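Open the model in a viewer and switch to a cartoon representation with side chains hidden. The stops below are meant to be selected in turn.

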Amino acid sequence: SIVAIAVFITVQCFATTFYSQANNQPFSNLANWNSNSGGGGSNPIAADLTSGSHTFVIQNGHTITVDQDINVAVLTVGSGASGVLTIGNSTTARNITVAGNLSVSGGANFNVGAFNAVHTLTVGGIISNSGTFNLVNTAVTRVCNTTMNGSGFPQIIGTSTPTFNDLTISAGAAGADITRSI
């Protein structure tokens, strides 16, 4: 039984990619995530949503709503045709931290929910947008402010123009800090 515990602890320490498995699910629903894109692998544990060590992919045809603070290594919205990640399911402000890259694929949508809340997105890597990236809902109190704070100079790339509320670029040794509403 000690060997089984050691194996379990070792498996949980490695970075894993988790794929959404169903539509209209809250991010916190552990049963909705699986280490195999088609299912049949392992589900994350609650700590995996906030450890900053794992990659999460919202697959085509799935809408996922961020209903808690999350901290992930990499976040991908869509697998090339669709997929939606909505920040916020209530008036509670959510904090989304992506240690590495944030990608919004073509046909995918990354947006803010229809509740009065000012959310925070922090990205340590590149923001890549080829879909819809809109962090300003119709009301000024339905927004997400973004900070890019990687160790190198932050990059925003892709084929589509993202919409930010407040964007803070904190480049550290790579350059000056900039805060703008865009």
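The tour of this predicted model goes through two sheets, then a nonpolar core, then a set of aromatic rings.

**Stop 1: the five-stranded sheet.** Select strands β2, β5, β8, β11 and β14, which form an open sheet in that order with parallel pairing. At its edges stand β2 (25–26) and β14 (132–134); each has a single partner strand, so one side of each is left without a neighbour in the sheet.

Now walk across from β2. Two bridges join β2 to β5, and the two strands run parallel. Select Gln 25 to find one end of a bridge; its partner in β5 is Ile 64. Next, β5 (residues 63–66) pairs with β8 (residues 84–87) in the parallel sense, over four bridges. Here Val 66 has Ile 87 in β8 as its bridge partner. From β8, move on to β11 (residues 109–112): this pairing is also parallel and has four bridges. Leu 85 is bridged to Phe 110 in β11. Keep Phe 110 selected.

**Stop 2: the core around Phe 110.** Show side chains. The largest nonpolar core has 31 residues, and those touching the most other members are Phe 27, Leu 75, Leu 85, Phe 110, Leu 121, Phe 133 and Leu 135. Which residues is Phe 110 in contact with, leaving aside its neighbours within four places in sequence? They are Val 77, Leu 85, Ile 87, Leu 102, Val 104, Leu 121, Thr 132, Phe 133, Asn 134 and Leu 135.

**Stop 3: the seven-stranded sheet.** Leu 102, one of those contacts, leads to the other sheet. Leu 102 has Ile 127 in β13 as its bridge partner. Three bridges join β10 (residues 102–104) to β13 (residues 127–129), and these strands run parallel. Extend the selection to the whole open sheet of seven strands, in the order β3-β1-β4-β7-β10-β13-β16, where the pairing is mixed. Its edge strands are β3 and β16 (156–157), each paired on one side only.

**Stop 4: the aromatic rings.** The structure holds six aromatic pairs. Select Trp 33 and Phe 56: their rings are edge-to-face, 5.0 Å centre to centre, with 85 degrees between the planes. The pair links distant parts of the chain, with Trp 33 in β3 (residues 33–34) and Phe 56 in β4 (residues 55–58), 23 residues apart. Are these two residues buried or exposed? Both Trp 33 and Phe 56 are buried. Finally, add Phe 18 and Phe 27, which form one aromatic cluster with Trp 33 and Phe 56. Phe 27 was already met in the largest nonpolar core.

Definitions and conventions:
Residues numbered from 1 in each chain as written. Predicted model: local features only at pLDDT ≥ 70, side-chain atom pairs only at ≥ 80, totals over all residues. Heavy atoms only, no water. Phe/Tyr/Trp six-rings, centres within 6.5 Å; stacked < 30°, edge-to-face > 60°. Buried < 20%, exposed > 50% of the residue type's maximum accessible area, 1.4 Å probe, protein only. Pairing = 2+ DSSP bridges. Core = buried A, V, L, I, M, F, W, Y, C linked by side-chain atoms within 4.5 Å. Contact = heavy atoms within 4.5 Å.
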